[in-house]
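Work through the exercises below with the sequence and the coordinates open. Each task is followed by a worked solution.

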Amino acid sequence: KKIPDQFTLAEACLLSDSCQYFIENNIPFHPGAVTEDVNMAIRYVHKSQTMHKEVMSNLNKYYHPTPYLADMLQQFRRTKKTFLMSNSSFEYINTGLSHLIGPKWMDLFDVVVASSQKPYFFTGKSLFRKLDVQGKHNNLTYQSKWNNVTEFEPGSAYIKGNIQHFLKFTKWEGGNVLYIGDHLSADLVEPARSNGWYTGAVIRELENEIKKQGTK
């Protein structure tokens with residue numbers, strides 16, 4: 001199996017550690033069985049929101065300060081349209097960006113889509129659902145509406161959806177869109193192949209490599 005991004009790197013480390021534990025403790029095992037159980041555990045952690053709950057309860061531990069993020073997005077919006085599309089829940093996104101930017105972070109995006117189900121978003125036909133957000137700050141509740149979504153309203157958040165409706169509502173043509181993500185299949189392959197979007201990869205490992213290349 002290839003290791004093209006941070007997601008699979010963590011999976012590979014967990015598989016390696018599990019096999020090493022069995023070897024050091026003389027426990028008979030089949031690599032295929034370990035792989036199945038590790039993959040099942042990873043899926044459970046994501047689908048059950050266990051990982052997200054841990055992160056949201058320890059924001060200072062998992063989120064590094066990004067003092068220039070808001071300024072960068074504001075600079076983009078002077079000449080461009082911006083959108084946020086994530087497979088994460090709106091609760092998770094809102095908690096993280098409120099911590100990094102502030103409670104008015106949605107003002108920095110023309111469109112916000114959570115629980116987008118990428119890469120299925122680019123090939124499927126799920127309908128957009130508008131989120132009804134009630135309360136203030138840390139006491140928010142989220143309920144998806146049943147109304148037919150025919151446009152994206154400023155200051156509103158949406159879940160699910162599909163690429164055809166997204167392009168119809170925004171009128172953004174493929175060659176004019178730059179989509180930046182950190183997952184090879186969900187963020188980079190399908191948007192470029194099916195819609196002609198330009199894509200950019202977030203590769204944290206390059207930061208240290210660039211610094212090394214810049215030294216004598």
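Which residues are linked in a network of salt bridges? Three residues make up the answer: R77, K81 and D110. Keep in mind that the model is predicted.

**Exercise 1. Take the R77 pair apart.**
Task: find the R77–D110 salt bridge, place both ends and classify their exposure.

Solution.
- Step 1. The side chains of R77 and D110 form a salt bridge, with N and O at 2.8 Å.
- Step 2. R77 sits in helix α5 (residues 69–77), while D110 sits in the loop between α6 (90–100) and β2, so the pair ties together parts 33 residues apart in sequence.
- Step 3. The relative accessible area of R77 is 31%, so R77 is partly exposed.
- Step 4. D110 has 23%, and is therefore partly exposed as well. The cut-off for buried is under 20%.

The background is simple. Side chains of opposite charge can pair when their charged atoms come close.

**Exercise 2. Survey the salt bridges.**
Task: state how many salt bridges a search of the whole structure finds, then describe the E153 and R193 pairs.

Solution.
- Step 1. The search finds four salt bridges.
- Step 2. One of them joins the side chains of E153 and K130, at 2.6 Å from N to O.
- Step 3. E153 belongs to the loop between β4 (139–144) and β5 (157–160), and K130 to strand β3, so this pair ties together parts 23 residues apart in sequence.
- Step 4. E153 is partly exposed, because its relative accessibility is 33%. K130 is buried, because its value is 19%.
- Step 5. R193 pairs with E190, and their closest N and O atoms are 2.2 Å apart.
- Step 6. Both R193 and E190 lie in helix α8 (residues 184–195), three residues apart, or about one turn of the helix.
- Step 7. R193 is exposed at 60% relative accessibility, whereas E190 is buried at 14%.

**Exercise 3. Describe the surroundings of S126.**
Task: locate S126, decide whether it is buried or exposed, and list its contacts beyond four places in sequence.

Solution.
- Step 1. S126 is in the loop between β2 (111–114) and β3 (128–136).
- Step 2. Its relative accessible area is 17%, so S126 is buried.
- Step 3. Leaving aside neighbours within four places in sequence, S126 is in contact with Q117, Y120, K160, G161 and N162.
- Step 4. Look at Q117 again: its side chain makes a polar contact with the side chain of S126, at 3.4 Å.
- Step 5. For a distance check, take L184. Its C-alpha atom is 22 Å from that of S126, with the two positions 58 residues apart along the chain.

**Exercise 4. Check the backbone.**
Task: inspect the backbone angles at P119, S115, K160 and G102.

Solution.
- Step 1. The peptide bond joining K118 and P119 is cis, with omega at about 5 degrees. P119 lies in the loop between β2 and β3.
- Step 2. S115 also lies in the loop between β2 and β3. Its phi is positive, about 45 degrees, although S115 is not a glycine. S115 is partly exposed, because its relative accessibility is 24%.
- Step 3. K160 has a positive phi near 60 degrees and is likewise not a glycine. K160 lies in strand β5. Its relative accessible area is 32%, so K160 is partly exposed.
- Step 4. G102 follows α6 and has a positive phi near 130 degrees.
- Step 5. Turn to α6 itself. Its buried residues are F90, Y92, I93, N94, G96 and L97.

**Exercise 5. Set the whole chain in view.**
Task: summarise the confidence, the elements and the extent of the chain.

Solution.
- Step 1. The mean pLDDT is 88, and 94% of the residues reach 70 or more.
- Step 2. Among the elements, strand β1 (residues 83–85) has the highest mean pLDDT, 97, and β4 the lowest, 64. Where pLDDT is low, the predicted coordinates should not be read in detail.
- Step 3. The chain holds nine helices and seven strands.
- Step 4. Its C-alpha trace spans about 60 × 50 × 35 Å along the principal axes.
- Step 5. Of its 216 residues, 32% count as buried.
- Step 6. Take the contacts with a separation of 6 or more: residues 24 or more positions apart account for 60% of them.
- Step 7. The accessible surface comes to about 14800 Å², and 54% of it belongs to carbon and sulfur atoms.

Technical notes. Residues numbered from 1 in each chain as written. Predicted model: local features only at pLDDT ≥ 70, side-chain atom pairs only at ≥ 80, totals over all residues. Heavy atoms only, no water. Helix = DSSP H or I, 4+ residues; strand = E, 2+ residues; numbered from the N terminus. Buried < 20%, exposed > 50% of the residue type's maximum accessible area, 1.4 Å probe, protein only. Contact = heavy atoms within 4.5 Å. Polar contact = N/O pair within 3.5 Å; in protein donor to acceptor, adjacent residues only side chain to side chain. pLDDT = per-residue confidence, 0-100. Areas by Shrake-Rupley, 256 points an atom, 1.4 Å probe, with all protein chains shown as cover.
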